[in-house]
Amino acid sequence: MKKIFETTALAASAMLCIACSGSIGSQSFMSDAEIEKKVEKTLAGMSLEEKIGQMTQINLTVLGSWQNGDFVLDENTLDNVLIDYKVGSILNAPDKAVTPQKWHEIISRIQEKSLAATGIPCLYGLDHIHGCTYIDGATLFPQDVNVGASFNTELARKAAEITAYESRACSVPYTFSPTIDLTRSQAWSRVWENFGEDPLLNTKMGLAAVEGYQGKDWNHIDNHHVAVSLKHFMGYGAAVSGKDRTPSSITPQDMREKYFAPYKECALAGALSVMVNSGNNAGMPFHANCEYLTQWLKEDLAWDGVIITDWADINNLYTREKIAADKKEAIMLAINAGIDLAMEPYSCDFCDILKELVNEGSVKMSRIDDAVRRILRMKYRLGLFDEPVQKLEDYPDFGCEEYHAAAFAAAEESIVLLKNEGVLPIAEGKKILVTGPNANSMRCINGGWSYSWQGHLADSYAGEYNTVYEALCARFGASDVRLEQGVTWDETSNSMGGWEAENEPQIGKAVAAARTADVIIACIGENSYCETPGNLSDLNISASQIELVKALEATGKPVVLVLIGGRPRIINSIVPEAKAVVDAFLPGNFGGDALAALLAGDVNFSAKMPYTYPKAANSLINYDYKPSQQVSTMEGAYNYAADASSEWPFGYGISYTDWTYTDLKAEKTQFTAADVLKFTVDVTNSGAVAGKEPVLLFSSDLVASTSPDIRRLRAFTKVELAAGQKTTVEFEIPAKDLAFVGYDCKWRLEKGDFTIQIGDQTVTVTCTETKVWDTPNI
């Protein structure tokens, strides 16, 4: 049986070799003639060993170790990896953040060795997810889920631009960001790394981040910018189980229409690399999917960037996915499918095995050359051949106050007010009790990818910043603010697990402290985690946190729930009695100060939910569900009298002022696929407080040949108005944006009526003729 399997796999691989060449070169829309000449000249002088080395990425911890509190590179290992195996890329940190000076020392030595070995600079990459994760003293921003909640693309662009500058200050030219997966399972442990559940929101935020990271010229990226890696291509946030790196069952229609959309647009905007989803869809691992990697991404888009694996995911084709008998077959499948750069990350045996595959003809030299061209092209675009390392003194703005102010502003604009029965803003002189496990922790407000992978070291690194409790003391006066947490995390748990462990509750102490309080701020939610260690089997918030809040609500004192965590946890039993609810998500180092300013009314809330907050653990749903999932039709902007219930829907959020929408108009009420639809609506700040308001435009296809989504977000912007001020908001939407992928997997815009909705205003427009496209993308 094994022999039959091997023969079948080899035959399939041979077909993949033919179908998945992926060679684009000068035919790409991204191509630069001078760079192509340099790439071809370098490639022509390379041996097979050198080419395979360029396709290999090794983890930094293989190259050194911690000795007496200092990370030290091992010269013998450096020689083995960079000179003997000619490895062309290194990733990751020495397990935790180090200083810019240390980064300069590490990368300078790696570049010296790389250039001596091959004359080709090393490509160094780090997961700089919400700022420079692994650089001590750098600026940390709110996590991407917060940025999505802001509905302000400029925040995404600015955060990426600052992160790029501070990365390059440390000679790091490559980041594994932005994350533009759609958060379709609220139980997923990586909800917080993405901009939300909607394709358009991820697309617009992703485009802004790509521009911020890379600048406006992908062929000539200066030393203030870095290359991106869009991740995780694609459908990663839709695992059936809700657990990380587990299978999804996405339809071909949804894969094309929704999950591919952010990657397509960001690739067409010049993103230099893409990282692949670690899971499988319908049984086919993405790392072996030639159709997606080569056809959809490289060939259909004429995109000439680099496709990189995620952590050890070629190995996982045989150890976990079981589509290969051994590592050799796994490498053959992945490279032939279109993988260019293998994040190994612990062993150079990939190099030996791939060389065998080439020599025996199982992987063609044309496939190797295509991959290496892409990697060399990226290095030339980054200017690494001219300047492989930078000088820290050339980056005087590293960690400056201007950057801190940008992170603070982003936090202020990304925290959502979900309920307020008059308790907010908190008046001066009120006695405040701060309670809950997340009340006094920098770890909790930063989340994962904060100084370490799991974020568990944040309190030791971020002591100069304020926790929620410290920020409230600074804003309202320490004499009026008391801390009695009632429930606390057990921080003796290690970095790889135990993040949910709690100490013995002290709820009685919190209840006793509430007697002298005028208002209670209950900071509940999750401790930090990242990736698979963050998997859970119960989306309900912990029983002790529920017990704490119920006991505090029973005192009769007004309770403000402040939700701090990476994903929504079920809290339906404590919401009704809470006087206010705020979702802070993971607002970063300045999140405590931003929250205090918002609770005090110094600034107004202006964020909206970037995903659907579920009401029950067995009732997870997204906002674009199907008509058959509801009992009655949707009324108003957020009134779902339906089976498809939620605690708070996508796009929901209130503030200290009132917003009135009037006079929604369509320039034309009949259209065809070639038209551009134009809509206007008047937005008035009808309250007494200045504020910002995300203005969201939704469409509903009323009848279609396949069951249509209830509604889809088609455009958004954000306005800032003084009290009483009115503005007219204009949207232009290509009519083809209303198309969908039909049952035949073709794009279709069908004759019929569409409802356009902004706020509580609706207008009907009619498509007068059906259009079906024969192209994969429109």
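In the predicted model, strands 25, 26 and 29 form an open sheet of 3 strands in the order 25-26-29, with antiparallel pairing. Strand 25 (740–741) and strand 29 (771–772) are the edge strands, and each of them pairs on one side only. Strand 26 (residues 747–749) runs antiparallel to strand 29, and 2 bridges join them. Within this sheet, Leu749 stands opposite Lys771 in strand 29.

A further open sheet is formed by 3 strands in the order 19-21-24, and its pairing is likewise antiparallel. Strand 19 (659–666) and strand 24 (726–734) stand at the edges; each has a single partner strand, so one side of each is left without a neighbour in the sheet. From one strand to the next, the twist averages 20°. Strand 19 pairs with strand 21 (residues 676–685) in the antiparallel sense over 6 bridges. Trp659 has Asn685 of strand 21 opposite it.

Antiparallel pairing also occurs between strand 2 (residues 64–67) and strand 3 (residues 70–73), over 4 bridges. Gln67 has Asp70 of strand 3 as its bridge partner. These two strands form a hairpin with 2 residues between the strands, in which Asn68 takes a positive phi near 55°.

Parallel pairing is found around strand 14. In general, strands of a sheet pair through backbone hydrogen bonds, in either the parallel or the antiparallel sense. Strand 14 (432–435) pairs in the parallel sense with strand 15 over 3 bridges, and with strand 16, again in the parallel sense, over 4 bridges. Ile432 stands opposite Val481 in strand 15, whereas Leu433 has Ile520 of strand 16 as its bridge partner. In a regular strand, the side chains alternate between the two faces of the sheet. In strand 14, Ile432 and Val434 point one way, while Leu433 and Thr435 point the other way. All of these residues are buried.

Strand 14 is also a packing partner of helix 19. In helix 19 (residues 507–514), the residues Ile507, Ala510, Ala513 and Ala514 are buried. They cover an arc of only 125° around the axis, and therefore lie on the same side of helix 19. The buried residues of helix 19 pack against strand 14, strand 15 (481–483), strand 16 (519–525) and helix 20 (543–553). The helix thus packs against strand 14 and against both strand 15 and strand 16, with which strand 14 pairs in the parallel sense.

Several loops contain backbone features that deserve separate description. Most residues other than glycine have a negative phi, and most peptide bonds are trans. The peptide bond from Glu344 to Pro345 is cis, with omega near 0°. Pro345 lies in the loop between strand 12 (342–343) and helix 13 (349–359). A cis peptide bond, also with omega near 0°, leads from Leu424 to Pro425. Pro425 is placed in the loop between strand 13 (416–420) and strand 14 (432–435).

Positive phi values are found at Ala312 and Tyr451. Ala312 is a residue other than glycine, and its phi is near 55°. Its place is in the loop between strand 11 (306–308) and helix 11 (316–319). With a relative accessibility of 14%, Ala312 counts as buried, because buried means under 20% relative accessible area. Tyr451, which is not a glycine either, has a positive phi of about 75°. Tyr451 lies in the loop between helix 16 (442–446) and helix 17 (458–461). The relative accessible area of Tyr451 is 2%, so this residue is buried.

For the chain as a whole, the secondary structure comes to 21 helices and 29 strands. The radius of gyration is 26 Å, close to the 28 Å that the globule rule gives for 778 residues, so the chain is as compact as a globular protein of that length. Along the principal axes, the C-alpha atoms fill a box of roughly 75 × 70 × 55 Å. Of the 778 residues, 62% count as buried. Among contacts in the chain with a separation of 6 or more, 79% are accounted for by residues 24 or more positions apart. The chain exposes about 26,700 Å², of which carbon and sulfur atoms supply 49%.

Key: Residues are numbered from 1 along each chain as its sequence is written. This is a predicted model: local features need pLDDT of at least 70, side-chain atom pairs count only at pLDDT 80 or more; totals for chains, interfaces and linings use all residues. Side-chain values use heavy atoms; hydrogens and water are left out. Buried means under 20% relative accessible area, exposed over 50%, partly exposed in between (1.4 Å probe, protein chains only). Two strands pair if DSSP finds at least two bridges between them. Axes are lines fitted to C-alpha atoms, for helices over the stretch in contact, and angles run from 0 to 180 degrees between N-to-C directions. The arc is that of the directions from the helix axis to the C-beta atoms. Contact means heavy atoms within 4.5 Å. The radius of gyration is taken over C-alpha atoms; the globule rule is 2.2 Å times the number of residues to the power 0.38. Accessible areas come from the Shrake-Rupley method with a 1.4 Å probe; for residues, only the protein chains shown count as cover.
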